[in-house]
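Let's take a walk through this structure together, from the whole chain down to a few single residues. Have the sequence and the 3D view side by side as you read.

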Amino acid sequence: MTLDSFIGNQDAVKALEGMVSTGRIPHAMMLYENDGCGALALALAFLGELFHDEHRVGAMIHPDIHFVYPVANGTKVNEKVESLRSILFLRYWRELMAANPYALANEVDAAFGIQGKLTAINNSQAKEILETVYLSPVEGGYKAVVVYLPEKMNASSANRLLKAVEEPPEKTVFIMVTHAPEKVLQTISSRCQALRVHPLSKEDVVRVLTEQFGKDEQLAREAAESAGGSVGTALRTLTDNEASKSQDELFINMMNSLSGKDLSSLLECADSLAALPSRESQKAFCRYAGESLRKIFLLQQGLENLVNLTDGQKGTFPSFARKMKKSFPRLAMGCLDKAQMMLDRNVNQKILFYDLVGQMFSVI
């Protein structure tokens with residue numbers, strides 16, 4: 001992505017283009033965005049032009065660009081707190097952001113395996129930055145440090161970085177991407193040139209979704225309606241809708257097999273569940289199935305007014321409610337809760353889902 005092709009925030013784009021064309025590059029900038037509105041994508045477009053290397057910058061593999069982000073111990077990295085560094089998470093950062101530089105902050109946490117953890121940019125990361133800043137650029141030109149969410153920097157790490165941000169080596173640029181500039185320590189923010197990255201118009205969100213991510217225009221327009229100008233939020237909506245459709249199909253197949261007492265077909269459903277791409281997606285299905293069973297239970301109690309069915313569910317859930325024993329939803333939900341607990345304990349997925357459908361078959 002280049003500044004010329006960047007969609008939205010044209011005032012910010014023109015300001016960055018002017019910096020590149022005149023060679024007057026601030027030593028520190030702070031891009032302020034609402035989550036998912038494209039500040040990181042804009043920073044990468046700017047650096048691509050500054051380094052004359054759009055491909056390596058976009059893939060986040062340029063040797064003279066370093067990334068720092070809040071981290072914590074989790075399922076993918078488990079180190080002593082004093083040893084936690086950004087480089088330990090670099091593979092996951094590249095995989096996520098190279099595919100979607102509009103990713104939401106909670107998607108970054110999910111990619112790092114640290115959902116729900118208290119994250120921070122710590123002293124080890126500040127030391128990591130200082131170790132790279134004062135080295136000569138590998139390719140002899142500019143060097144850049146991109147700090148994602150500097151509001152997660154504690155006072156100690158900020159103070160360590162203060163001199164480097166205030167008086168960096170020649171041709172060194174700091175770019176901060178923040179969602180809460182008021183929470184960034186004043187000692188850091190006061191040294192940065194601020195640049196607001198505004199939420200996009202609905203039309204611009206649709207353009208990004210269709211032109212850059214290949215989404216269907218009608219679906220993109222529907223997602224843009226409730227995205228608040230955030231491409232990241234719109235993409236999350238589309239992904240959730242796609243996942244929901246897939247979950248719906250899996251659940252309906254499983255329920256048809258159960259109601260028809262077709263054990264062979266039920267085992268095929270177990271294979272499909274075991275083949276889902278991650279334990280998180282398997283847990284998401286269990287939660288979805290539990291919510292679907294709650295709807296079936298309410299239909300069985302004659303409480304249709306409390307049930308919000310999707311178009312795909314309207315043709316099947318009332319039929320399931322009529323065919324199933326009234327005790328089934330409650331007992332099956334217990335089976336699903338147990339399956340989620342076992343997934344957290346790293347039980348073999350194939351054995352787990354064979355056991356799940358077997359238990360549900362026994363209470364049908």
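What follows starts with the overall picture, then visits some helices and loops.

Keep in mind from the start that this is a predicted model. The chain has 17 helices and five strands, and its C-alpha atoms fill a box of roughly 75 × 45 × 35 Å along the principal axes. Of the 364 residues, 49% are buried. Now think about who touches whom: if you take the contacts between residues at least 6 apart in sequence, 74% of them join residues at least 24 apart.

The outside is worth a look too. The chain exposes about 17300 Å², with carbon and sulfur atoms supplying 51% of that area. As for charge, there are 39 positive and 43 negative ones, and the mean positions of the two sets sit 7 Å apart.

Let's begin the closer tour with helix α2, which covers residues 39-50 and holds Leu47. Is Leu47 buried or exposed? Its relative accessibility is 0%, so Leu47 counts as buried. Setting aside residues up to four places away in sequence, Leu47 touches His52, Val57, Ile65, Ala144, Val146 and Ile175. You can also look back along the chain to Val20: it is 27 residues away from Leu47, and their C-alpha atoms are separated by 9.3 Å.

Helix α2 turns up again when you move on to α4, residues 90-99. The buried residues of α4 are Leu90, Tyr92, Trp93, Leu96 and Met97. Why do they end up on the same side of the helix? Because they cover an arc of only 155° around the axis of α4. And what covers these buried residues? The cover includes α2, along with β2 (65-68), α5 (105-112) and β3 (143-148).

Two of those strands, β2 and β3, also border loops with something unusual in them. As background, most residues other than glycine have a negative phi. Met60 lies in the loop between α3 (54-58) and β2, and it is not a glycine, yet its phi is positive, at about 60°. Met60 has a relative accessible area of 3%, so it is buried. Leu149 has its place in the loop between β3 and α7 (155-166). The phi of Leu149 is positive as well, near 60°, again in a residue other than glycine. With 7% relative accessibility, Leu149 counts as buried.

Now jump further along the chain to α12, residues 263-274. This helix has twelve residues and reaches 16 Å from its first C-alpha to its last, close to the 16 Å expected at 1.5 Å a residue. Which of its residues are buried? They are Leu266, Cys269, Ala270 and Leu273. These residues cover an arc of only 100° around the axis, so they lie on the same side of α12. The buried residues of α12 pack against α11 (231-259), α13 (279-300) and α17 (349-363).

One of those partners, α13, deserves its own stop. It has 22 residues and reaches 31 Å from its first C-alpha to its last, close to the 32 Å expected at 1.5 Å a residue. After α13 comes Gly302, whose phi is positive, near 75°. Within α13 you will find Phe297. Its relative accessibility is 34%, so Phe297 counts as partly exposed. Leaving out neighbours within four places in sequence, Phe297 is in contact with Lys326 and Pro329. If you look from Phe297 to Cys335, 38 residues along the chain, the C-alpha atoms are separated by 15 Å.

The last stop is Met341, found in helix α16 (residues 328-344). Met341 has 38% relative accessibility, so it counts as partly exposed. Try picking out Lys283 as well: Met341 and Lys283 are 58 residues apart in sequence, and their C-alpha atoms are 9.0 Å apart in space.

How values were computed
Residues numbered from 1 in each chain as written. Predicted model: local features only at pLDDT ≥ 70, side-chain atom pairs only at ≥ 80, totals over all residues. Heavy atoms only, no water. Helix = DSSP H or I, 4+ residues; strand = E, 2+ residues; numbered from the N terminus. Buried < 20%, exposed > 50% of the residue type's maximum accessible area, 1.4 Å probe, protein only. Contact = heavy atoms within 4.5 Å. Areas by Shrake-Rupley, 256 points an atom, 1.4 Å probe, with all protein chains shown as cover. Lys, Arg positive; Asp, Glu negative; His and termini not counted. Charge placed at Lys NZ, Arg CZ, Asp CG, Glu CD. Expected span 1.5 Å × (residues − 1). Arc of directions from axis to C-beta.
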